[in-house]
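Me: I am new to this structure. Please walk me through the reasoning behind its labels.

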Amino acid sequence: MMNTLRQHAEQLFAHELDELQKADTRQRPTNWNLSPWAVATYLLGGRLDNGFEVSAKYIGNRRVIEIAVATLVTDRALLLYGVPGTAKSWVSEHLAAAISGDSTRLVQGTAGTSEEQMRYGWNYALLLSKGPSKEALVPSPLMKAMSDGRIARVEELTRIPADVQDTLITILSEKTLPIPELSSEAQANRGFNVIATANNRDKGVNELSSALKRRFNTVVLPVPATEAEEIAIVTKRVGEMGKALELPSEPPALKEVRRIVQVFRELRDGQTADGKTKLKQPTGTMSTAEAISVLNSGIALAAHFGDGTLRAGDVAAGLVGAIIKDPVQDVVVWKEYLETVVKERDDWKDLYRACREVI
Ligand SMILES: Nc1ncnc2c1ncn2[C@@H]1O[C@H](COP(=O)(O)OP(=O)(O)OP(=O)(O)O)[C@@H](O)[C@H]1O
Ligand SMILES: [Mg+2]
């Protein structure tokens, strides 16, 4: 465990989950580790009656999380939808950790996801020697979640080919998975449900069929509403990740975080923060997640090749990399922003110089 590069939510926050279980006196749905109230508290943070402080995992609209949790106690599945980097996967993992104590019953959706990965496969040695049998069947994470009465996660649902997606229809409406080879079926136990994520920017998406859509409640995770909220998210996550990545430097000064977040927001919105100048928008998404990673790579540079303090020169390369996704269009967008906005701000001269050196 000591050397695990990335711990699962239920490992990382085992202590908080433990405290919540002890303090939680409200009614828990069958096979839920916590009551819906305690699950929401785990995600949003808060103080328990005994004074224990639960950290916030999701920073944003409380109602969004309450609706997500409430959906999971109904017979509808939950679809977390939104632009990239709005914490869809992050929320999905934490919900599964809080409800089921295990976020690893996971199908990663790709263009190559097969029906076997959604349903079940076979142990071919056993299949050949003994024929189809329960022992030879290899259940998918979804099938396991059904029999355990737990939450299963499907990541990037819209990247999965449409016919494979539709495997979910029977699972979600009948709560059973037919196994024709054994003339039998697997029935879901109470507590089973599915959290899927999808983003609306992916090229080549496979739209959900309307039959499948009806089995889901869609909850949209928005981009952070205000600059202050986005700064809070970035500061918190950069601090946490710096610790996990063993970066031996100081957390970045608020000033540097604020500047990066402002660049991201202005380019995303297509205008400067004061609303006075219209800007061309880059082709990329300029997501909060990318702002976090620009700062993280900057901190790594500062820690190992600088004096440990994050400076403009350390973030410039990451910043330009995040903005220029299309080598023709985005260069124009960025140069214009650099010359008309960055250059003109008195206390941004260092950033201007550093960025000029990169492109
Ligand atoms: N509102 C928020 N509260 C807390 N963390 C956030 C928030 N928004 C973004 N983040 C952080 O952004 C990072 C990326 O989130 P995540 O990978 O879940 O995004 P996503 O929506 O799944 O993106 P994609 O569509 O690219 O898969 C995480 O580290 C997460 O903590
Ligand atoms: Mg994701």
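Reply: Start with the sheet. This is a predicted model. Five strands make up an open sheet, in the order E4-E7-E10-E3-E11, with parallel pairing.

Me: What makes E4 and E11 edge strands?

Reply: Count partners. Strand E4 (106-108) and strand E11 (216-220) each have a single partner strand, so one side of each has no neighbour in the sheet. Between neighbouring strands of this sheet, the average turn is 20°, direction ignored.

Me: How do you know that E3 and E10 pair?

Reply: Pairing takes at least two bridges. Strand E3 (residues 77-82) and strand E10 (residues 193-199) are joined by five bridges, so they qualify. The two strands run parallel. One bridge links Leu78 to Ile195 in E10.

Me: Which helix packs on this sheet, and which strands does it touch?

Reply: Helix H5 (residues 88-100) does, touching E3, strand E7 (151-155) and E10. The direction of H5 makes about 170° with that of E7. Over 145 counts as roughly antiparallel, so H5 is roughly antiparallel to E7.

Me: How do you know that E8 and E9 pair?

Reply: The cut-off is at least two bridges. Strand E8 (residues 176-179) and strand E9 (residues 184-187) have four, so they pair, and they run antiparallel. Ile179 stands opposite Ser184 in E9. The two strands form a hairpin, with four residues between them. In the turn, Ser183 has a positive phi of about 45°.

Me: Now the helices. Why are H14 and H15 called roughly antiparallel?

Reply: Look at the angle. The axes of helix H14 (residues 288-305) and helix H15 (residues 312-323) come within 8 Å and cross at roughly 150°. The cut-off is over 145, so H14 is roughly antiparallel to H15. The crossing of H14 past H15 is right-handed.

Me: Which residues meet there?

Reply: From H14 come Glu290, Val294, Leu295, Gly298, Leu301 and Ala302. From H15 come Asp314, Val315, Gly318, Leu319 and Ala322. By class, this contact has seven nonpolar, two polar and two charged residues.

Me: Why are H3 and H4 called oblique?

Reply: Helix H3 (residues 36-44) and helix H4 (residues 62-72) pack at about 140°, with axes 10 Å apart. Roughly antiparallel needs over 145, and roughly perpendicular ends at 115. The angle fits neither class, so H3 and H4 are oblique to each other. Their crossing is right-handed.

Me: What do H3 and H4 bring to the contact?

Reply: H3 brings Pro36, Val39, Ala40, Leu43 and Leu44, which meet Arg62, Ile65 and Val69 in H4. The contact of H3 with H4 holds seven nonpolar residues, no polar and one charged.

Me: What makes H3 largely enclosed?

Reply: Buried means under 20% relative accessible area. Seven of the nine residues of H3 are buried, so the rest of the structure largely encloses this helix. They are Ala38, Val39, Ala40, Thr41, Tyr42, Leu43 and Leu44. These buried residues pack against helix H1 (9-12), helix H2 (14-23), strand E1 (46-47), strand E2 (53-54), H4 and H5. Gly45 follows H3, with a positive phi near 85°.

Me: How many helices and strands does the chain have?

Reply: The chain has 17 helices and 11 strands. Of its 359 residues, 47% are buried. The C-alpha trace spans about 75 × 50 × 40 Å along its principal axes.

Notes
Residues numbered from 1 in each chain as written. Chains lettered and ligands numbered in written order. Predicted model: local features only at pLDDT ≥ 70, side-chain atom pairs only at ≥ 80, totals over all residues. Heavy atoms only, no water. Axes fitted to C-alpha atoms, helices over the stretch in contact; angles between N-to-C directions. Parallel < 35°, antiparallel > 145°, perpendicular 65-115°, else oblique. Left-handed = near helix turned anticlockwise from the far one by under 90°. Contact = heavy atoms within 4.5 Å. Nonpolar A, V, L, I, M, F, W, Y, C, P; charged D, E, K, R; others polar. Buried < 20%, exposed > 50% of the residue type's maximum accessible area, 1.4 Å probe, protein only.
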